[in-house]
Structures are given as structure tokens and as C-alpha cells.
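The following report introduces one structure to a reader who has not met it before. It goes from the build of one chain to a contact between chains, and then to a sheet.

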Amino acid sequence: MAGRLNAQALLAVAAVVLIAAAPLMAQWVKVLLTIALAKGLAVLGIMILLRAGQVSFGHAMFYAASAYAGAFVGRWTGGGELFVLIGAGLAVSLALGLAIGVFVVRYRYIFFAMLNLAFSMVLFSILEKFFHVTGGSDGMRIARPTVLGMELERAPFEYVMFYLTLGLVVGLAWGVRRYLASPLGQALAAVKSNETRLEYLGMSARHALLVGYVLSAGLAGLGGVLASITQGLATPEIAYWVRSGEFVFIAILGGAGTVAGAFAGAVVYEGVRSYAAAYFADIWQMVLGAVLLAIILFAPGGLVGLAERLTGRRLRGGSADPAVAADQARVGER
Amino acid sequence: MSRFSRILSVAAVGLAAAAPLALAPPALAQDAPEGAPEELVIGITAFLSGPASVFGEPAQAAADMLIEELNAAGGVAGVPLRALYVDEGAGGEHVLSEYRRLVQEEGVDAMFASISSGNCNQVAPLAEDLQMLNIMWDCGTQRIFEEADYRYVFRTQAHATPEMLATVLYLLRTKPDFQTIAVVNQDYAWGRDSWNIFLTALQALKPDVEVVAELFPAFGSPDYSAEISRLSALRPDVVLSTAWGGDLDTFVLQSAQRGLMDISTFVLPLAESSLERLGTDLPEGVIVGGRGDHYFLHPEKVGDADYDAFVAAFREQTGAFPIYPVFHVAQALSALEGAYLGAIEANGGAWPDREQVVDAMAGLTFAGLGREVMIREDNQGLEDQLVGTTVHDDAYDFAVLDNMMIFDAEDVTTPVGAESVSWLSTLGPEMLELEVDSFSHTGP
Amino acid sequence: MSQPLLETRDLQIQFGGVVAASGVNLDVIEGETLAIIGPNGAGKTTFLNLCTGYIKPSAGRVTFRGADITARSPRAITRLGIARAFQIPQLFAEHTVLENLLLAAAVRDRVWNPFRRLATLPARGEMLALLDLVGAGDLADQPVEVLPEGRRKLVDIAIALALKPRLLLLDEPTSGVASAEKFQIMDILANALARERVTAVFVEHDMEVVRRYASRVAVWNTGKITHSGPPDEVLSDPDVRRDVIGL
Amino acid sequence: MTWQLAFLATLDGLAYAALVFMVAVGLTLIFGVLRILNVAHGSFYAIGAYLAASLGIAIAAGGLSPWLTFPALILAAVLVGTILGTLIERALLRYVYLKEDVLQLLVTFAVFMILEDVQRLVWGVNPYFEAVPLRLLGNISLGGIFYTNYQILVLPAVALLILVGLRLFLRTTLAGKLITAVTEDREMATAIGVDTGRVYLITFVIGATLAALGGALASPTTSLVPGMGADMIVLSFAVVATAGLGQVEGAALAALLIGLGRSFAVYLMPELEVLVPYLVMALVLLVRPEGLFGVAQRRRI
């Protein structure tokens, strides 16, 4: 137990140090990594829902809603303050998560996925339609905000965004791990395996899922506002369903159900995507599709699963390999 | 000697010649100036996937041809040019991160970005931050130089305002008595912006016009049946659509088939890029714009050996006639070459640094494949505008343009420091009296 | 006179024309262990579903400790103190045996602090003791997925007991289990019920089990309670022997 | 809105609904049997359209009778359905039937991404269109407005034919009965010895063919562009969820609702046009969580 914990902690620390040092070596990766980590937060949100066996094909709506919230606050306050923008984005995504969550937690599986998709497409259409307010498909510029009152140049600002995002990622990864290990978090897996029994314990499966949903919306929102401030722009494109699909893709790539996988997946995905698009400009989608197929068919544990196989260590907590357990459960069901 | 005269020989020599070119300096090369790098690298963002790749792919093909030809002639002052491409179809985020990578990692000397106005909006401030010479080579948004001052960002073509205004003027000259108009534009920034500009200009010049329908079907919509039925019931005198690519094709196809084009005069400012694809489905009498003076049968250029050679070589290579993005990328390359040559001269024959090249861009006059373009003091290019009306000619299996007018850029471009929409609303009847160059279609 | 713990009055329900319950009146007295017997498909499980709110009766009323619970959800009814064990054990497939129990304890104790680990809840010791009590102490860290059916039944019952209910409803606690194991399970159950002072109702097919462990027997036939009384008396009734036991 | 305009809107809605139905019904059929929501369905639609256009162009180039373009539409659909459908089901899907829903969905998502690029590699990026069948049939004047016979008569007729044909197929033929049996109770069907592997394959091929047929029939009316599959898939998801998963007749009704909603929106509130499918879906699911005709699933305890 102690050995496993130490190995995990060591690996996590090594990864964080490596990422923290990366921009010092190559300038341009700083923004790429900031975006990757911000997306990782959204993927972490997806991952929470995956614990409950649910998949949202619409989480890009929170990512986008929060980005636009940041953009509007920035516009109203003439540039604005970084932490106010982030706070606004987070607040809006949590509120939207609650409003939509109350509705969608009544549904499961395909319906859950589809309803989320429908709501995200509604948001996408609104962002495109209400052109005079939202700038339509061109989106909204987000001017570089002040940081605690200081006006920063581009380079230092990018460092601030990078290390701030990294810090948030470390903190939230820890926090989400704790949440998942708590009764409330463990109830998510119970929603997946046996909702009826959960109700017969006296607990509402919908409430358990709603807590997870709002949390996941907040994480997606935080990712969205961080990424958009870093890019200086919010566009409707980030609410499109393909973007939501990308989050789910990354969750599976990293290893469904693992906190580390969300971020490992996001960083690797951005890297692969960036290089695939640069070097296979004609077929980058095909490359990504092939990678996804290979992972599902040959490495169902994702990157984390691969790492476990290579090191011969178990990196995740929990009782059993979720993929295997889920397979067994399905066989049982049929 | 113009570089276009060499393109045929390059095409003939083909790939076999291209390989050694990359290894040894070509015989034609003059000695490179002092301090010159081994090569000049540019990054070009263009749609290579998605619906807008109808623009990106021809532009890429043209850029490759032009660069190959330029290098065969010794490059820019003896330095060969190399292009790296970024796919705008992969999304704005990808464009930005690739932009950073090309600038910070690949060390490109200049960027051409971009086709999408949305991407231009994002890239312009980034280029300024990175102190990167950025040529906006194809995007149409009028906002960028009207909302901020840039040192490093230039536009080597016009923007939406002159394009729309020229169309309005053409419409008012050729069909002055129309009463009603309907618009069917794609539901995204371009569709909305271009209508806003068009309508402002139209209302300033013809206040009694009645707008009977404003329809913005979704981008990429496969079906306009309901829109066409509604327009057929409304019977507007004029139907405007600034749509492009597959959307324009579908709209024209369905409208033509259902007789709407017999009822209303269609005004399609971007249809120059669809002429060949639409074939004879595009009837006669449709008003078509060329986003600049771009048209493969440019009335002043046809007959020019270099021009004809390029059009023929392009058609040989891609199987299609060149369309406006091809001309736009040619303008951007020409501007870059001109800026470097000017900067070298200003630098006493030595290779210039970035700042010197940027200085040389200001006030530059250059020509791509069309008329000359001048970079104004606000970094905006002044590009003349060609508008015409379709006519069928048996020599072509698609509609070509007749009754063409080329509007002088000075007349139709928002003045320096003015904001397009407020400027347009001040226009008076004198605009209808402008002198324009008129041309008729003359067979091949 | 003490009020019955659970009362049902005139419960009626039908599924697609088939009457499953037509005027069921049954009282459960505090402290008893009531067995419900009846022919297959007579709707005995339906009775448990009606008492726990999983399905709603078309008419009639269920009262628990004087409160009408007819229209309430399984969740609310469970919180009032009625726990249930299932014919097909309903376990959390992705968790270990101990985690299954800890989840029940967390819900019971309303531990919603997101930073409190499930594995280290204060109730951990209590749950381990409960596992020992049901003879499954050695299984604590086993994933429930790998357990044989008899053990799964025990864990299912233990989850119900972990809620510290006033009333425990069991649906065929010995079905699907080898006969030797039946009495083992029932011994454990009886022992636990006695220690925790839990009133129990169980649906059962095995008459030997009923004879040995029930304090009272009710006979469910054609949607009604036809007989009720001490096991020896009811099981020797000729009608019951003919219609239910098949002798 | 006058009655005349309502009539026009209804006609437009019908033609659109017919196309959407063809794609959606294939999706719902596949879901009913395989329990997989097939994201690559949009790719079948697109590839069916492209192949039909290519065949049409080949017919014109070969100087053959233009009327041959009609059988070519069907040929394109059958080719795409059988070749691509068989390939994907046999080479990929059958390996993931036991995996989680999410993973199955993602496998089809991956196929969708791959096929998007395949389309671009094969057909390039320029819009295609091949409207010979549309022109051959000419126009009809209704309420003073010209409609194409193709859109107003052929498309709804084919959709109706498919609806009736599917009903008959599912109720009267052996293969159809097996498909229905697997849709309704998979365990039972397996228990009585139904070869589910074959049923899955047949269903997937039929579903893929229907999607490709939707694309092929749409091809004369629209220009074919990269990315056309992505929009269609979301739309047919909305239809299928509104109808209730696995509901054939429901898909017809939902397609009609969405088609009419969309065309009426063009007359009444054009701004809502793109939102209509999602609004219809959200409203229906709010009232009936399983969709219009869906059946609630309950765990046996």
C-alpha cells in the first residue's frame, strides 16, 4: 500500500516538474501546454461522469459558456482582472451545470449523452445566431486582463497563465481524487453498477449524479475560461459537438476513470493533434481516428493502463480495473 | 523580367528539375546580398480541410507554383523561398498554436494569415505581440484596421466594405428601379457582416428600398427549399447572397431549378469562385463579384503573355481556372518580394532585418496577377473591384461575365481612420456618378 | 395495545389484466419473523415491491409505524427504517464487500464531506464486525463480482443490516443456494436479527426453512392472504398443504 | 401566416422530413438491434451521396441515358451499405459488442473521423453536384410556386415506401422477425438459438444502406461538401431520441415534426430554424423521457 502510494506520488511529482520545466526549454509549448492542461480539466469533468457510467457529448457547452462569461466580463470592465474573469466563468458554468444537471440527471446512457449534446447544440446555435451580442462565428476577443492589478506583457502573461493553470490542475486533481474516494464520489460508481440498490440504501442516485455533474460542469468551465483567456478569444466553435466528442476521446485515451489519465491524455492528445496536423495536414483526422481505435481495441486502459503494463505497477486506486469490471458487468447484464 | 514568363518552362521541366534546384543554387540566381539567410521561410494559413478548402486548396496550389517559379528564377534577391502550411480547417485554436510554433520554433520570416476573418481577428494581435510580419492575404473582415493600429500586420487585398459597396453601386447602375430586396446569407460572421455593410450602403444611396426577407440559414445547410418557397411567394426584385462554396452552389442550384432566378435578379458577390463549378446552372443576368479585380478573363490582363501563361499552367496543374484566392495569394507573395527588395535597397544592398522589411511594406505598390495594389498608411491594401453580369458563351461550359465594371479602390474603400458602417451611411448620390472602367465580354 | 409495525390495507394491483394483489391486509408485529409462502408467480415479490414503494398500488394503503408510506419512494421508505434484501443480490459490482457495506453506512450516517475517505469512515469497525457476524469477515477486501451466489446473498443481507433498519424485508433469502448452505444462511440471519433486534418478513419456498425460522407464517394465494398463524398450524392446514405446498 | 403559406411550409417540411427519416431510420434500426449509436452513420450518408454523384457523372461521361441516374442512386446506396457496412461490422464492431456503451460509441466516432478524411482523399474538397435526376423530372406548380417533382413527389414517396417496406419486412420475413426478436429481447433470442452475429451484420448493412440511400437521394438536390455528414448525424440523433430508440414508425413521426418545425420556422421565426430539432427533442424528452414511442426500462429485482 505504502509502496504503491509512493510510486504514484513520485510519478505525479515527476510529471508536474517535467511539465513545469517544459516552457523553459521550448517557448512555444507554453501556450500549447496551457491549453492542453485546461482541456485536461474539462476531461477531468468527463471522467467524473464516466465513473457513474455516463458520458456527456455536450460538455463543450460549459467550456464555451464559461469562456463567453469571461469574455463578457472582460468587455464590460474594459479588459478586466484575470481572477474576476476566471471567477465569472466558473460561476456561470456551475450555475448552468446546475440548471441543466437538474434536468439531465433523470436520464441515463444514450439519452443522457444525447440530451447533453442537444443542449450544447442549442448553446452553439445561440452563440452563432445572436451575432450582435456574441460576435457570431468570429467570436469575442478577450483582451489581456490585468493580473492582481498589474498590466503584463504577452510573455509574462503567458507564464502566469501557464503556471496558474498548472497549479489549478495539481490542486484540482488532488481534490477530485479525494472526492472520488469519498462516499459521494464512490456513490457515482454505485450509480453505474446498481442504481436500484443505491435507492434502497436511502440515497438518491440523481442527487449523487447531480453533484458529480455540477462539479464536472465547473471543471469544464474552468478549463474553458483558462484556455480562452490564454488564446485571447472565445468562439462558438468551442461549443460544437465535435469538441465535446474530443473531451470524451481524451478521457478514453488517457484511461477512463483515472485522474492522471485525464491530463496525460490531454497533453498527449494536443501533441499528437498538433504534429498530425503539421505533418499529415491532409489526414490528421484519420490519424487521430486510428489512434482512438487502437486504444479502444488494444489498450482499453488508455495511457494509464499502458504505463501500468510497462511498469508492472497499479497506478490507480479503486478496487478493480474499471474497464474489465465494466465488461464483466455487461456480460452479466446480457 | 517578370517571374510569370518563366512559369511555363518550369512546368515543362517539371519535378525532375525541382529536386536539384533544392540542392544547388540555380544558375540564374544572382548573388545573394550580404548577411542573407540560406532561405526565406514563410508560414501560410489556409483551409486545407472543411468547406472553405474550396479556397485554400487552389491557393495552396498557386502558392506552390509561384514559389517554385520564383525560386527557379533565383528566389528573393538570390534567397530561395519555402512555404509551410497550417490548416485553418483544424480550428482556430490549432491555427494559433501552430502560428506560435512556426514563429517561435521554425523561425519563419513572415506569416500569411489567413482566409477566415475569425482567424485574422485572432492572429493580428498575436502577430503584433510576436513582432511578426503578418500579411492578411485573404480575409474579408473590415474591422481589424478600423479598431486598432498595427505595425506588423498588413492586408494585401481589399475587405468587405469595398467589395459590398462596389456591388451596391453596380446594382444601382444596372438595375436602378428595383424596389424590393431579400437576403439569404450564411449564418456566420461573414454572412451577417456583409449584409450589414451592403444594407447600410444601399439604404444610404436608395432610401426607399424595401427589405422583404432576411434569411440566415445555417452554415452548410443542405437544403434551402423553405427559403426558396418563401422567396417565390414574396417575389422580391433582387435576391442577395454573399454565400460561397457548397452553400452558394446548393442555393443557386435549387433556386435555378425552381424558377426563382427567373423571378428575381440574383446578386452574388462571391460567385466568381463558383462560376466553373456551377456550369450552366448559373443562368444569364446574375450579378457576380470577384472580391477584388479577380476573374480569370480579366479584361485588362487577358492577352498578356505572362497572365495567359499562368492561367494555362494553373489549369494544367489543377484542372480548374484560377479563382480569387489564387490571385490573393499571388498578391501576398508579390508584396513580400517587393518589401524585401525595397528593404535591401534601403539597406544599401545588405540583407534587411525584420523591422526594415516591415518599414518597406508601408506605402508599397505591387501587382499580383491583376491590377496594382497599394498599401495605405493604415496598412490596408487598396484593391480595385470588378463586378459583372453573367452571360453564356459557347466557348465555355459555364457562365462568364459581361458588362464588367472595375471600381477604383480609392472611391469605394473606407477612408483611413473611418469606421466602415458609419462612413457608408454618409454616402450621397455623388457615389452613383463615379467614373468606372467598363468592359464587355469578348470571346476567347 | 401496541400498534403493528407495518400495516397494509386493501392493497390492489394488476399488471396487464393479471391481478397480483386484490385486497391484501397484512400486519407485521414488532419483533416477529414473518414468513410469506405461496405458489410460484403468486405475487409475493410484488408485495415486497408494494411495501417499499418500488411499485404503487392501484388502491389500498401501506402504513409504517403509523405513517402512510403508500406514495413514497423506495429511498424515503428506506430512510424511515425499512431495509430490503433481494432474491437476486443487488450489489455494487465495482466495489469490494467492505466498500458495499461502507457505502450503506455512509448513506445511513449521511457522511457527505467530499474530503472524507470512504475507506476510513468511523463506521469501518462496525461494518467489519457486521461482516464477522454474517460469517463473511474473510471476504472484506474481495470484489463482490467474484463471490459465489451463497456469499453474495449474505453480503446482500449484510448491506440491508448495515442500515440498522427497524424492519427487514427479505425476498427468498435461500433461493439459488445449495440445500446445505440454506440453513447456514438462515442461522446467520436469525442470529443477526436477534442481536440487532430487527423485525423481519421473508418470502420463502422451502417449507423446512419456514418451519424452523419463522415465528409466524402468512399464505399468499391468488392475490390475497388466505391463512396466517404459527408455522406448525398453518403448514399442517390441509388447504395450504394442497394449494401451496403441493402435497 | 396565411393558409397558402402554411401549405407551402408543409410541402417544404415534407421533402426535408423524407430525407431525414431515411437516415434516421437506419440509425434507429441499428440501435435497436446492436445497441450501438452509430456516429459513422453520417459518413454513410455522405459517401452514399458522393458515390451517387460520381456514378451520375460517369453516366453522363459515358453518353448513357440520363434516366440511368435513377437506378444509379440505388446502386450507390447498396454498394456503400454492403461494402462499407460489412467491412465496419465484421472488422470492427463485432469486437466491441461486449464493451461499454461509451467505447462502442467512440469506436464509431473514430470510424467517422477516418471516413471524413477518406472522403476528402477520394472526392477532394470541391463541392460536387449532379442534379440530373432533379432536372429530368421537371417542376410542378403548387399554390403559384414552382416545386421540383423530385423533391415534392419522389422523396416523400420513397420515404413512405421505406416505412411500409420496413414494416412488412420486419413483420413477415424470417430475417425481419429475427431482427424484431433481437430488438425486443436479446437474451431470449440468443437462448432460442438465433444467430445474433448474422442478425447484427444484416441489420447493420440495412441501416448503412438506408443512410447511404438518404445521401444518394439527397445528392441531386444539394452540393456535396466535406463535413456534410457531421451535421446530418446530429440531426438524425435528435430524430431518433425524439422518437424513442429503436422505433421505426416513431422515427417517421419525429422526422416529420422536425421537418415541419423547421420549414414553419423559416416563415415565422427564421432565427429559430437551426434550433428547431433540438427544441423539439428537449421538449419531447421533458414530457416523455423515453421519447415519443420509447419503452421505459426497469431493472428486475
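In this predicted model, buried residues account for 48% of the 247 residues in chain C. Chain C contains 9 helices and 10 strands, and its radius of gyration of 18 Å is close to the 18 Å that the globule rule gives for 247 residues, so chain C is as compact as a globular protein of that length. Its C-alpha trace spans about 55 × 40 × 40 Å along the principal axes. Of the contacts in chain C between residues at least 6 apart in sequence, 65% join residues at least 24 apart.

The contact between chains D and B draws 36 residues from chain D and 30 residues from chain B. On the side of chain D that touches chain B, the elements giving two or more residues include α1 (3–34) and α11 (248–268) of chain D, and α1(D) provides the largest share, 6 residues. The residues of that side divide by character as follows.

| Character, side of chain D touching chain B | Residues |
|---|---|
| Nonpolar | 21 residues |
| Polar | 9 residues |
| Charged | 6 residues |

Chain B also holds an open sheet of 8 strands with mixed pairing, in the order β7-β6-β8-β9-β10-β14-β15-β16. Because β7 (210–215) and β16 (437–439) of chain B each have a single partner strand, they stand at the edges, with one side of each left without a neighbour in the sheet. Neighbouring strands of this sheet are turned by 20° against each other on average, direction ignored.

Within the sheet, β10 (residues 287–289) and β14 (residues 385–391) of chain B pair in the antiparallel sense over 3 bridges, and B:Val288 stands opposite B:Gly388 in β14(B). Helix α6 (residues 160–174) of chain B lies across strands including β10 and β14 of chain B, and runs at about 45° to β14(B).

Note on methods
Residues numbered from 1 in each chain as written. Chains lettered and ligands numbered in written order. Predicted model: local features only at pLDDT ≥ 70, side-chain atom pairs only at ≥ 80, totals over all residues. Helix = DSSP H or I, 4+ residues; strand = E, 2+ residues; numbered from the N terminus. Rg over C-alpha atoms; globule rule 2.2 N^0.38 Å. Buried ≥ 20, exposed ≤ 12 C-beta atoms within 10 Å, placed from the backbone. Contact = placed C-beta atoms within 7 Å. Nonpolar A, V, L, I, M, F, W, Y, C, P; charged D, E, K, R; others polar. Pairing = 2+ DSSP bridges. Axes fitted to C-alpha atoms, helices over the stretch in contact; angles between N-to-C directions.
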